[in-house]
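Here is a set of short exercises to work through with the model open beside you. Try each task first, then compare your reasoning with the worked solution.

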Amino acid sequence: MTSTGPNAAAKAAFRAAMSSGQLHHAWLIAGAEGLGKASFARAAAARLLAEGAGQVSPSDDFDLPEDNPTRKLIESGAHPDYRALVRLPKDPDKPGENIARSINIAQIRALNPMFATKPSMSSRRVIVIDAIDDVERPGAANALLKNLEEPPAGTIFLLVSHSPGRLLPTIRSRCRVLRFDPLPDSEVAAVVRAAMPEASAAEVEALVRAGQGSPGRALSFAGLDLASIDSEMAAIAARGDPDNAIRARLARTLGSKAAQPRYEAFLARVPAFALAEARGRHGAALAEAIAVYEAASQLGPVALAQSLDAQATVFEMGGIIARLAKR
């Protein structure tokens, strides 16, 4: 991970702060999901600890060699000066399933023994929280705030945030912001093609549209034939689907249990589709497109949270899309 490539300016700013000898103790790495913020935080943490231990010289390249002792300890989960806080599975015996909704206060308090001593292997210790948006409020957030206000010596916090505006102002005010911006479509397309060399041009184009500047988001829709979903939405938006034929077809296609991933992709895609349709509109047509965006943004999360009938939800969402035909 060098200071060139996607979000090179943000990475260069962090490298400059490292080299200055006056590195701020808390960084808010902010931007949309799928931009590589967490990967950057982990790489930066490893570089900070390796440099603090005198294992490497300052360099523009954040990535450590595979045989670097710090990297090996972090990857094995055994580095005493490194912690990464994420949402945990509710059942430790089933990793990857039933992930908790938040990072809880017990996880934050578990850092206290580490803070009670000096760093073990270098002059630094690094805490990565991915994502700070997931820290339970108010208890866990307030417990973390105490450490941000009076940071233990040598401690650096790297806080990944997808929605910095939703954080406690007191947390934001303690951090220096490192912003990751959406990438141009050409760069997202390059990432998609590299990851999916067999993908058709139509699929790559659909994934790029869905990614909205985020390669990670684009790739999360891979293999779901997003191009055909986009085609059906475009047909509804153009003609209004007066006989409900397209809506009924979509409901049958996306309503089964086997189609759950495509169903969720459809719900996530509609708001962005509505915003794209809003571009170039004016007056009443623009207001209608914004209303479609708002209605779709509300229906999708509610449908998933309340396990609403998938076929009925797809049909209703199709009706919302049809409102775009009113120009």
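## Exercise 1: A pair of crossing helices

The crossing of α8 and α9 is right-handed. Keep in mind that this is a predicted model.

**Task.** At roughly what angle do the axes of helix α8 (residues 185-195) and helix α9 (residues 201-211) cross, and within what distance do they come?

**Solution.**
- Step 1: fit the two axes. They come within 9 Å and cross at roughly 125°.
- Step 2: classify the angle. Angles over 145 degrees count as roughly antiparallel and 65 to 115 as roughly perpendicular, with 125° falling in neither class, so α8 is oblique to α9.
- Step 3: list the contact. From α8 come Asp 185, Val 188, Ala 189, Val 192 and Arg 193, and from α9 come Val 204, Leu 207 and Val 208.
- Step 4: sort these residues by class. The contact of α8 with α9 has 6 nonpolar, no polar and 2 charged residues.

## Exercise 2: The helix pair α11 and α13

**Task.** Which residues make the contact between α11 and α13?

**Solution.**
- Step 1: start with the geometry. α11 and helix α13 (residues 260-278) have axes 10 Å apart and pack at an angle of about 50°.
- Step 2: name the arrangement. That angle makes α11 oblique to α13, and the crossing is right-handed.
- Step 3: read off the residues. α11 contributes Leu 226, Ser 228, Ile 229, Asp 230, Met 233, Ala 234 and Ala 237. α13 contributes Arg 262, Ala 265, Phe 266, Arg 269, Val 270, Phe 273 and Glu 277.
- Step 4: sort by class. The contact of α11 with α13 divides into 9 nonpolar, 1 polar and 4 charged residues.

## Exercise 3: The helix pair α1 and α2

**Task.** Are α1 and α2 roughly parallel or roughly antiparallel?

**Solution.**
- Step 1: take the angle. Helix α1 (residues 8-20) packs with helix α2 (residues 37-52) at about 20°, and their axes are 12 Å apart.
- Step 2: apply the cut-off. Angles under 35 degrees count as roughly parallel, so α1 is roughly parallel to α2.
- Step 3: add the handedness. α1 and α2 make a right-handed crossing.
- Step 4: find the partners. On α1 they are Lys 11, Phe 14, Arg 15 and Met 18, which meet Phe 40, Ala 44, Arg 47, Leu 48 and Glu 51 of α2.
- Step 5: count by class. The contact of α1 with α2 holds 5 nonpolar, no polar and 4 charged residues.

## Exercise 4: Two loop residues

**Task.** Are Asp 241 and Ser 122 buried or exposed?

**Solution.**
- Step 1: locate Asp 241. This residue sits in the loop between α11 (226-239) and α12 (245-254).
- Step 2: check its accessibility. Asp 241 has a relative accessible area of 3%, and under 20% means buried, so Asp 241 is buried.
- Step 3: look at its surroundings. The side chain of Asp 241 reaches the backbone nitrogen of Ala 245 at 3.1 Å. Beyond four places in sequence, Asp 241 touches Ile 236, Ile 246 and Arg 247.
- Step 4: repeat for Ser 122, found in the loop between α5 and β3. Its relative accessible area is 13%, so Ser 122 is buried.
- Step 5: find its contacts. A polar atom of the Ser 122 side chain lies 3.0 Å from the backbone nitrogen of Arg 124. Neighbours within four places aside, Ser 122 is in contact with Leu 49, Gly 52, Ala 53 and Asp 81.

## Exercise 5: A helix residue and a buried helix face

**Task.** Is Ala 284 buried or exposed, and what do the buried residues of α6 pack against?

**Solution.**
- Step 1: place Ala 284 in helix α14 (residues 283-305). At 66% relative accessibility, Ala 284 counts as exposed.
- Step 2: compare positions. Ala 284 and Lys 326 are 42 residues apart along the chain, and their C-alpha atoms are separated by 9.2 Å.
- Step 3: turn to helix α6 (residues 139-149), whose buried residues are Ala 140, Ala 141, Ala 143, Leu 144, Leu 145, Asn 147 and Leu 148.
- Step 4: trace their partners. These buried residues of α6 pack against β1 (26-30), α4 (105-109), α5 (112-115), β3 (125-130), β4 (155-161) and α7 (169-172).

Terms used. Residues numbered from 1 in each chain as written. Predicted model: local features only at pLDDT ≥ 70, side-chain atom pairs only at ≥ 80, totals over all residues. Heavy atoms only, no water. Axes fitted to C-alpha atoms, helices over the stretch in contact; angles between N-to-C directions. Helix = DSSP H or I, 4+ residues; strand = E, 2+ residues; numbered from the N terminus. Left-handed = near helix turned anticlockwise from the far one by under 90°. Contact = heavy atoms within 4.5 Å. Nonpolar A, V, L, I, M, F, W, Y, C, P; charged D, E, K, R; others polar. Buried < 20%, exposed > 50% of the residue type's maximum accessible area, 1.4 Å probe, protein only. Polar contact = N/O pair within 3.5 Å; in protein donor to acceptor, adjacent residues only side chain to side chain.
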